[in-house]
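Please look over the chain shown here before reading on. The report below goes from the whole chain to one small part of its surface.

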Amino acid sequence: MRKSIRLLSRRSLPQFRSSCYCVARRMSVAADTNSGDTVSQKHEFKAETQQLLDIVAKSLYSEREVFIRELVSNAADALEKIRYIQSKGEEVDNPLENLKIEISLSGSLNSITIEDNGIGMTKEELIANLGTIARSGSKEFIQNASESSDTSSIIGQFGVGFYSAFMVGSHVTVMTRSAVPGSTGYVWNSNGENGYEVQEAVGVPRGTRIVVQLKDDAAEFCNKDRVIEVLKKHSNFVSYPIYIDGTQINTVQPIWTRKPSDVTDEEHKDFYRSVSGRTDSPMYTLQFSVDTPVSIKAVLYVPQFIPKFDFANMGQYGISLYCRKVMVQAKSPKLLPEWLMFLQGVVDSEDIPLNLSRELLQESVIISKIKNVITGKTIAYLNRMAKRDPQRYDDFYREYGQFLRIGLVSTESQTEREDLSKLLRFESNKEESGVLVSLDQYLERASDDQRHIYYLSAPSREMALTSPYYESLAENGYEVLFSYNKEDDVVLFKVESYKDKRLTSAEAANVKVSKKPNQDEQPKLDKTLGSKLSTWMRDILGKETVKEVKVSDKQHSQPAVVTVENLTTLRRYLAMTPPEQKESSYKYLLHNNVTLELNPDHVIIQQLAALKDTNPEVAELVAAQIFENALMNADLVHDPRRMVPRLNRIMESALKSAIDKKEP
């Protein structure tokens with residue numbers, strides 16, 4: 001007489017679960033696989049050893065909670081498979097059953113049970129799929145399916161997911177029956193150490209039921225709240241309902257799988273708050289799907305306000321990565337460049353490469369492609385929004401401009417740099433304070449023969465308007481963009497040109513003042529005196545301090561300015577120089593790069609030309625201060641305290657001279 005285990009109906013499931021582990025443990029390990037009277041059949045893992053199971057249980061996953069994700073994903077696979085074969089018109093057992101996943105917990109037995117009413121397994125499939133690590137029934141199913149059929153919802157291309165149960169379980173029992181009508185049920189059980197046993201069973205419902213007898217240190221997974229927490233974290237968007245004690249857990253819909261036009265603003269707001277943990281509403285929402293160069297469905301959000309960032313630990317930020325609605329990584333920094341880490345949302349791809357588990361993402365070309373698609377889509381979206389609603393985009397730029405600057409400096413793609421350049425915004429001398437303009441707007445107002453886009457870095461608009469470098473440009477009618485952020489200096493220097501127009505700092509602009517106020521009435525310093533003064537100042541300042549001194553007509557409000565070919569680079573270099581090297585580097589860089597240009601029409605320069613002969617001591621003090629003032633205007637003074645003694649002596653001389661004049 002053939003012996004088998006008789007399983008009870010689903011109504012008697014709680015009572016059965018209380019005894020299933022004990023029954024499984026009492027199964028005889030004696031086996032004659034050809035005997036009809038066999039109680040149970042003992043099998044060895046064909047290609048795997050205890051060492052491999054230890055790798056799965058202890059090393060493969062970084063957190064033990066993922067065993068729930070893996071078993072739920074396998075259950076979802078089984079449900080998707082039966083849906084697929086039913087859609088082809090094939091006959092299955094109990095075809096009208098509602099597809100679902102049920103989870104039950106037993107504190108008294110210290111066990112967790114995960115059950116589905118999906119496709120189930122035959123004895124051969126049970127041995128093949130659970131008897132060999134790294135074999136995947138789902139993968140084989142997809143390979144055997146018709147190429148024109150939709151099997152994309154099947155998740156389980158992972159092979160070892162089932163064995164993650166041994167991270168937390170001292171014993172695992174699997175009860176299954178194939179959906180093919182008339183199939184026999186079977187029980188599979190193992191402690192993960194000495195192979196596994198398979199026994200025929202009576203009364204097993206269609207599908208698969210997995211009972212994990214938890215280890216003593218894994219009792220947390222008997223706690224309902226803890227299991228719900230894990231489900232919401234990893235499996236909240238599985239297509240089929242997941243129940244615990246009759247309550248459905250996964251009620252939030254994966255809106256990235258729907259058409260963008262079908263998702264309301266309110267749904268986006270709720271979903272944004274769900275995935276970000278924030279309470280504000282998104283400033284921008286980008287939802288898209290692409291099939292090439294990689295399959296992606298994504299929904300991305302720009303928060304209303306910039307998140308608090310720890311720039312030294314950017315790995316903690318990123319969007320959530322899903323594979324067919326199962327979370328692979330909560331924050332996946334590999335999917336975004338650092339400058340886009342403020343984005344919140346989800347990207348789901350069927351093509352992501354995985355090693356043995358969903359957590360061990362390979363360094364692959366596909367991940368790089370996903371990153372490039374997300375970056376390109378985001379830049380294109382922001383450019384569209386900037387044209388559609390300029391005021392709203394200006395608000396975005398004021399909040400997130402620093403991230404765009406980082407993107408411009410860090411990208412190695414010329415196309416990406418050009419697209420990011422379109423997103424830059426600045427104040428302008430042609431607009432009121434607070435009004436931002438783009439590089440495109442600048443070019444629309446520029447004359448056809450203008451070859452440069454001029455900009456000026458300054459701490460404030462007031463200082464920009466009074467800068468000696470601004471004068472000649474303004475008086476010649478050029479528009480000048482004002483940058484109040486020091487990083488813009490580096491950004492614009494990196495961009496170099498925009499639509500064949502060179503980005504040129506006002507400090508490097510070679511533009512002469514066309515007509516100075518009251519120029520005809522102003523006394524002039526003739527060329528001979530100007531040449532002598534330049535030579536004298538070059539000697540006074542020292543060859544180790546300044547590269548050249550010459551007379552120039554670039555300005556009229558200041559007695560002198562300094563010019564440097566690459567002033568932005570020089571400033572950045574000085575800022576990064578270690579304190580102990582600052583002084584020596586400062587002198588070296590000034591000597592090799594800085595030219596002092598004197599304004600021959602300024603009263604200070606004219607009087608200095610005479611003073612150097614009548615009072616050379618004071619003249620030397622004034623000459624040095626003129627140079628320091630010019631360096632100050634160029635933001636090249638690294639220690640202004642050095643000027644104090646000199647200024648005191650100049651004031652002392654001025655006061656003495658004033659008193660002497662009053663004395664009879």
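What follows describes the model's confidence, its overall make-up and one surface patch.

The model is predicted. Its mean pLDDT over the chain is 82, and 81% of the residues reach 70 or more. Two stretches with pLDDT below 50 are listed in the table.

| Stretch | pLDDT | Contacts beyond near neighbours in sequence |
|---|---|---|
| residues 1-38 | below 50 | 70 contacts |
| residues 354-359 | below 50 | 28 contacts |

Where pLDDT is low, the predicted coordinates should not be read in detail. The contacts of residues 1-38 and of residues 354-359 are therefore to be taken with that caution.

The chain has 664 residues, and 52% of them are buried. Its secondary structure consists of 20 helices and 23 strands. How many of the contacts between residues at least 6 apart in sequence join residues at least 24 apart? The share is 72%. On the outside, the chain exposes about 32200 Å², with carbon and sulfur atoms supplying 48% of that area.

One part of the surface can be looked at by residue. Leu647, Met651 and Leu655 form a nonpolar patch there, and together they have about 290 Å² of accessible area. Met651 lies in helix H20, which spans residues 643-662. Is Met651 buried or partly exposed? Met651 is partly exposed, because its relative accessible area is 48%, and the partly exposed class lies between 20% and 50%.

How values were computed:
Residues are numbered from 1 along each chain as its sequence is written. This is a predicted model: local features need pLDDT of at least 70, side-chain atom pairs count only at pLDDT 80 or more; totals for chains, interfaces and linings use all residues. Side-chain values use heavy atoms; hydrogens and water are left out. Patches are made of residues with over 30% relative accessible area and no salt bridge: like charges are joined within 9 Å, nonpolar side chains (Val, Leu, Ile, Met, Phe, Trp, Tyr) within 5 Å. Accessible areas come from the Shrake-Rupley method with a 1.4 Å probe; for residues, only the protein chains shown count as cover. A salt bridge is a side-chain nitrogen of Lys or Arg within 4 Å of a carboxyl oxygen of Asp or Glu. Helices (H or I, at least four residues) and strands (E, at least two) are DSSP runs, numbered from the N terminus. Buried means under 20% relative accessible area, exposed over 50%, partly exposed in between (1.4 Å probe, protein chains only). pLDDT is the predictor's confidence in each residue, from 0 to 100. Contact means heavy atoms within 4.5 Å.
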